[in-house]
Amino acid sequence: MVFNETQRRSFTKQGFMIVQEFLDKTELEIVRRACDREVKNIVAEMRSKGISEQGINVLDRKYFINNARIQNPKLADIIFSEKTEALCRATIGETAYLHNEQFVVKMMNKVTSFAWHQDSGYSVYNGGAAPHEPYLTCWIALDDMSEDNGTISILPFPRYTPARKLLKHTWSDEVNAMVGYNGEDPGDLIEVPAGTLVAFSSRLLHKSGANTTLRPRRGYFIAFTPTLFLHQDETKGIYSQGNPLIEDGKTRWSRSH
Ligand SMILES: O=C(O)CCC(=O)C(=O)O
């Protein structure tokens, strides 16, 4: 996969770039099936425990499922691949470690929106990460994304330049989320077909709306970091997951099977 100058410039100047058809049809089916399996498992687990909330998962409302590649090795073949390597080289450079892998599924429920935030803002102000160089978030649409099903909106860097640095995030009970921006700009809606990847800086402000449709809305996040940063409490060690993809320009991944 080759990224053109317009995409690279968009990433550097605007904070994001769009990659159409990042997943082909076969890969899209693999990722969707893995996502559906994981949702089924978490729903069964929560029902068997008789709970409606587990961490940030809310039954029938929204699910966040981390590290599904462990149970679904075909996901690892997408995460560690020529095309993710090329994507990292085009955005964060010659060193990239897996930072995070997560399904975000919004069920048919109106209370599923996210307030404006930087992913690094969540890491530092909610997760306890030490301040760090920006990392790369890859948001992959597993369904056609629209305003109706709660797609993301992004705020390009030139429209709010303080976001080139880490913004202070504070918890809001009202929206039940961390908030990093309270300005007037509504942002740009990202309405894209399934299989599209949006690559953005972990400092790019983004938010997402509620799913008002009658179908679940599935997204897949994979994040790569150029540096392995620590927790604020250094005794907790490295904050990221850490598996290397490229180190000093050298490929460090191989297929899982
Ligand atoms: O997929 C979404 O709705 C966005 C969720 C989000 O912004 C995040 O997990 O950082």
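**Exercise 1.** In this predicted model, decide whether Glu5 is buried or exposed.

*Solution.* Start with the neighbor count: Glu5 has 7 other C-beta atoms within 10 Å. Next, recall the cut-off: a residue is exposed if that count is 12 or fewer. Glu5 is therefore exposed. Now place Glu5 in the fold: the residue lies in helix α1, which covers residues 5-14.

**Exercise 2.** Find how far Glu5 and Ile78 are apart, in sequence and in space.

*Solution.* Begin with the sequence: 73 residues separate Glu5 and Ile78. Then turn to space: the distance is 24 Å, C-alpha to C-alpha.

**Exercise 3.** Check the radius of gyration of the protein chain against that of a compact globule.

*Solution.* Take the length first: the chain has 257 residues. A compact globule with that many residues would have a radius of gyration near 18 Å. The chain has 17 Å, so the value agrees. For the spans, follow the principal axes: the C-alpha trace covers about 50 × 45 × 40 Å.

**Exercise 4.** Describe the secondary structure, burial and contacts of the protein chain.

*Solution.* Count the elements: there are five helices and 16 strands. Turn to burial: 41% of the 257 residues are buried. Finish with contacts that have a separation of 6 or more: 83% of them join residues 24 or more positions apart.

**Exercise 5.** List the residues around the ligand and sort them by class.

*Solution.* First, name them: Val104, Phe114, Asp119, Gly150, Ile152, His206, Ser208 and Gly219. Then sort this shell: three are nonpolar, four are polar and one is charged. Gly counts as polar here.

Technical notes:
Residues are numbered from 1 along each chain as its sequence is written. This is a predicted model: local features need pLDDT of at least 70, side-chain atom pairs count only at pLDDT 80 or more; totals for chains, interfaces and linings use all residues. A residue is near a molecule or strand if its C-beta atom, placed from the backbone, lies within 6 Å of it. Helices (H or I, at least four residues) and strands (E, at least two) are DSSP runs, numbered from the N terminus. The radius of gyration is taken over C-alpha atoms; the globule rule is 2.2 Å times the number of residues to the power 0.38. A residue is buried if 20 or more other C-beta atoms lie within 10 Å of its own, exposed if 12 or fewer, and partly exposed in between; C-beta atoms are placed from the backbone. Two residues are in contact if their C-beta atoms, placed from the backbone, lie within 7 Å.
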